[in-house]
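I opened this notebook page to look up two things, the contact between two chains and the surroundings of one residue.

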Amino acid sequence: MSSITADHVPASQGHDDHAHAMPHGWRRWLFATNHKDIGTMYLIFSLFMLFEGGTLALLLRTELFEPGLQFFQPELFNQFTTMHGLIMIFGAIMPAFVGFANWMVPLQIGASDMAFARMNNFSFWLLPVGAILFTASFFVPGGANAAGWTMYAPLSLQMGIGMDFAIFGVHVLGASSIMGAINIIVTILNMRAPGLTMMKMSLFCWCWLITAYLLIAVMPVLAAAVTMLLTDRHFGTTFFNAAGGGDPVLFQHVFWFFGHPEVYIMILPAFGIVSAIVPAFARKRLFGYSSMVYAVAAIAILSFLVWAHHMFSTGMPVTGQLYFMYATMLISIPTGVKIFNWVATMWRGSLTFETPMLFAIGFIFVFTIGGFTGLIVAVAPIDIAVHDTYYVVAHFHYVLVAGSLFALFGGAYYWLPKWTGRMYDERLGKWHFWMTMISFNVTFFPMHFLGLAGMPRRYADYAAQFTDFHQVATIGAFWFGLSQLLFIYVVLKAYSGRGEIAPAKPWEGAEGLEWTVPSPAPFHTFVTPPTVK
Amino acid sequence: MTPEQRRRNRNTGLILAAIVIAILAWSFVRGSAILTS
C-alpha cells in the first residue's frame, strides 16, 4: 500500500458539529443507521452464534469421547453436526467479517458512513430472524436439518419441517449477505476520500471489495439451489429427484458452484486483516502491495472454476477429474504469493509480538498447514480415498478456525482500542492466543490421522481403534472452548472502560485513515472527507 | 453525502441488484435446461 497521509482531518470529529445527534436507548440499536453501531451489533451477534455453534461442537465431541452411543442417538447427532456447520458459517464467521467491514471500511476510506445506511440496518436485523429459524428448528417435529450443511439431495428431500426452517434460514441470511455486499461495493467504489485511489486503498478494503463481488455472484446461486429443493419438497417439481427425471448430482454441482467461492468469502477478509496487522508490527510497509491485490483477485476468479473437486467421488469422467484437480492446484500459486509477501514483510522488520501479531503469525503458520492439506485432497485419487473422512474435517477446520477465526481474533485485538478507547489486557490476550493455538492443534491435528485411518465424518459411533485420537480431540475441543471465555473477559474489560486509555494510534507502525480519528472513534467521523496524498 | 453521490450510489446499487436477480434467474433456467436436455 502506498503511504497514506491525510492533509486535512478536522480537529473535531465529534458529532456536535453534525446535523444529527446521537440517538439513545433502544432506538439507537433498533433503528441504527450508523456504521459503527451496526458493526458492533454484527460483532456481538456473531459472538453469540460462535458460542451456539461451539456448544453444538462440544456436544458432538462429548458423544465422540468413547465408542458406542453415550448421550445422543445418531439422528440427533446428525442434527448437531449439520447445524454446527450452518451456524458457524452463516451465523458466526460471515457476519463477523461483515461487522469488521462495517466498522473499518468507512474509516479506512474516509467516508462518513456506508452508502445505504437504512439497508445496512435491514441487513443486520435479518440475521436474528435467520438465527431463530436455525435454532427453533431443533424443536419442530422431526428435529433440525440433519442432512449436513451441504443439504445434499435426495436426503434433504425426505426430511421433516426442520429442513424447511433451514432453507428459509439460508434464504434470509443469504439476502442479508447480498445486501451487505452491495453496500460494501457501492461504499468502496463511490465514497472514497478525494485522492484515495484504488491502488492506495488498504488491503482490507481490497479484500472485502473482492469478497463482496464473490458474494453477489454466488449467494443467488445458493438461493436458487435451496429454492429448487423447496419446490421439490412441496410443489411437485423434480429438479433433484431421480424418480421424476431429476438428478441429485445436479444439486451438488449447483451447491458447490456456491460452496467453493464461499470458502474464499470466509478467508479473503481474513487475508485483509492479516495484511493490516503484519506491517504494523513489523514496522515495515507491506511487501508487494500490488501483487497482493492481484493475488486476491486471482484467487477469487479461480474459485469459480474448481467446484467439482468436492465431487470426485460422484463418478465424473477422468478428464473432468484431471481438469478440476489441476485447476484447484493452481490456487496455491496466488495463495503462495500472499504467504511469501507476509513473510517478506516480516523479514528484517522491527518485529514485536503483541496479541494481534501473535494471531497473525499463528494464522500464517496454521493456515498454511490447512492449505497444504488442501493441495493433498485436491489430488483426485487421494481425495477419493479420504473423501468424507476426518482428514477433510481436519483440513477445513485448519482453514476456517485457524484461518478465519484466528484472523478475526487478531483483528479484534488490533482494532479494539479504536472501538472501545481502551487498551485490552495484553497479558490476558497473550494467554488467550497460546491457549487457543495449542488447544486448536490438540483438537484438530489428530483428526488427520483419524481420517487417514478411515474414520468417516458425521458418525456418532466408531470402531474402538479410533478411541485414543478421538479422546485427545475431545479434550482439546473443551480446552479450546473454555479458552474463548478469556476472550469474552478481555473484550468486556475493554468495553467497560477498564484498562489504559488508548491514543488515536496505539500501534507505532500502523498506517491508514482509521488511526487519524480519536479512540474510541466518535459517533460521526469524516463528515468532511479528508484529502489523501 | 452530496445529491450527486446519492445518485451515483443508487445507480451502482441498482446495477448490482440487477446482477443478483439475473444470476438467480440463470440458475433456475440452467437447472431446468440440464434436466430437459
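Before noting an area, I wrote down that buried area is the accessible area, taken with a 1.4 Å probe, that two parts lose on being put together, summed over both. I also keep in mind that this is a predicted model.

Entry one, the interface. I looked up the area buried between chain B and chain A and found about 1800 Å², with carbon and sulfur atoms giving 77% of that area. On the side of chain B that touches chain A, I read nine nonpolar residues, seven polar and two charged. As for the residues taking part, the contact draws 25 from chain A and 18 from chain B. I then searched for salt bridges across the interface of chain B and chain A, and the rule finds zero, while the count of residue pairs in polar contact between these chains is four, with both residues at pLDDT 80 or more.

Entry two, S519(A). I located S519(A) in the segment that comes after α16 (467-495) of chain A. Is S519(A) buried or exposed? I entered it as buried, because its relative accessibility is 14% and the cut-off for buried is under 20%. Leaving aside neighbours within four places in sequence, I listed what S519(A) is in contact with, namely P417(A), K418(A), G421(A), A502(A), P503(A) and A504(A). Looking at K418(A) from that list, I found its side chain joined to the side chain of S519(A) by a polar contact of 2.9 Å. For P503(A), I noted that its backbone oxygen lies 2.9 Å from a polar atom of the S519(A) side chain.

Key. Residues are numbered from 1 along each chain as its sequence is written. Chains are lettered from A and ligands numbered from 1 in the order in which they are written. This is a predicted model: local features need pLDDT of at least 70, side-chain atom pairs count only at pLDDT 80 or more; totals for chains, interfaces and linings use all residues. Side-chain values use heavy atoms; hydrogens and water are left out. Contact means heavy atoms within 4.5 Å. A salt bridge is a side-chain nitrogen of Lys or Arg within 4 Å of a carboxyl oxygen of Asp or Glu. A polar contact is a pair of N or O atoms within 3.5 Å; within protein, one must be able to donate a hydrogen and the other to accept it, and residues adjacent in sequence count only if both atoms are side-chain atoms. Ala, Val, Leu, Ile, Met, Phe, Trp, Tyr, Cys and Pro count as nonpolar, Asp, Glu, Lys and Arg as charged, and the others, Gly among them, as polar. Helices (H or I, at least four residues) and strands (E, at least two) are DSSP runs, numbered from the N terminus. Buried means under 20% relative accessible area, exposed over 50%, partly exposed in between (1.4 Å probe, protein chains only).
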